[in-house]
Amino acid sequence: MEQKNANTDISSLEELCNELHRIFDSDSVNVDYVHHLMSSYKSNIDDWKIFAKFDRHRYTRNLVDAGNGKFNLMIVCWGEGQGSSIHDHADSHCFMKMLMGELTEVRYEWPSSSSGESTLQEIGSNKITVDQVSYINGKICDT
């Protein structure tokens, strides 16, 4: 599938959705190009405020675009001091773009069943600020 020029910026959330649909129409997706697309979109509250629903008790996941069966675009909203439980992204690719505020992601080593140890060990953390993109899959995290 032909990609847009790597120097092309995405100027709106609608344009980002359209380009994601186009590239995910293929069976092979260039992860670096998706990262570029997400990075090139600059947060504009007028684009996404209708999707940002907060709950004072817990974080929310708000669907922006159901994609074409190959991706979901969501706005995840955490209030100050809220978090999510420890979880993985096994067998999936997750791009996270900070639209407002900041987030600290903490990564843990998956416990080895052969060691008999069941305690999670922190292996790093990553602070994500406005317009930064983080990529997560079952094995890595990269900002």
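**View 1. A nonpolar patch sits on the surface.** Ile86, Val106, Tyr108 and Leu120 make up this patch, sharing about 320 Å² of accessible area (Shrake-Rupley method, 1.4 Å probe, with only the protein chains shown counting as cover for residues). To join such a patch, nonpolar side chains must lie within 5 Å, with over 30% relative accessible area and no salt bridge (a Lys or Arg side-chain nitrogen within 4 Å of a carboxyl oxygen of Asp or Glu). Keep in mind that this is a predicted model: local features need pLDDT of at least 70, side-chain atom pairs count only at pLDDT 80 or more, and totals for chains, interfaces and linings use all residues. Residues are numbered from 1 along each chain, and side-chain values use heavy atoms, without hydrogens and water.

**View 2. Helix H1 has its buried residues on the same side.** In H1 (residues 13–23), the buried ones are Leu13, Leu16, Cys17, Glu19, Leu20 and Ile23 (buried: under 20% relative accessible area, 1.4 Å probe, protein chains only). They span an arc of only 170° around the axis, going by the directions from the helix axis to the C-beta atoms. Helices are DSSP runs (H or I) of at least four residues, strands (E) of at least two.

**View 3. Phe24 and Phe71 form a tilted pair.** Their ring centres are 5.0 Å apart and their planes meet at 40° (rings pair with centres within 6.5 Å; under 30 degrees is stacked, over 60 edge-to-face, the rest tilted). Phe24 is in the loop between H1 and H2, and Phe71 in the loop between E1 and E2, 47 residues apart. Both Phe24 and Phe71 are buried.

How values were computed
Patch = residues over 30% accessible without salt bridge, like charges linked within 9 Å, V, L, I, M, F, W, Y side chains within 5 Å. Buried < 20%, exposed > 50% of the residue type's maximum accessible area, 1.4 Å probe, protein only. Phe/Tyr/Trp six-rings, centres within 6.5 Å; stacked < 30°, edge-to-face > 60°.
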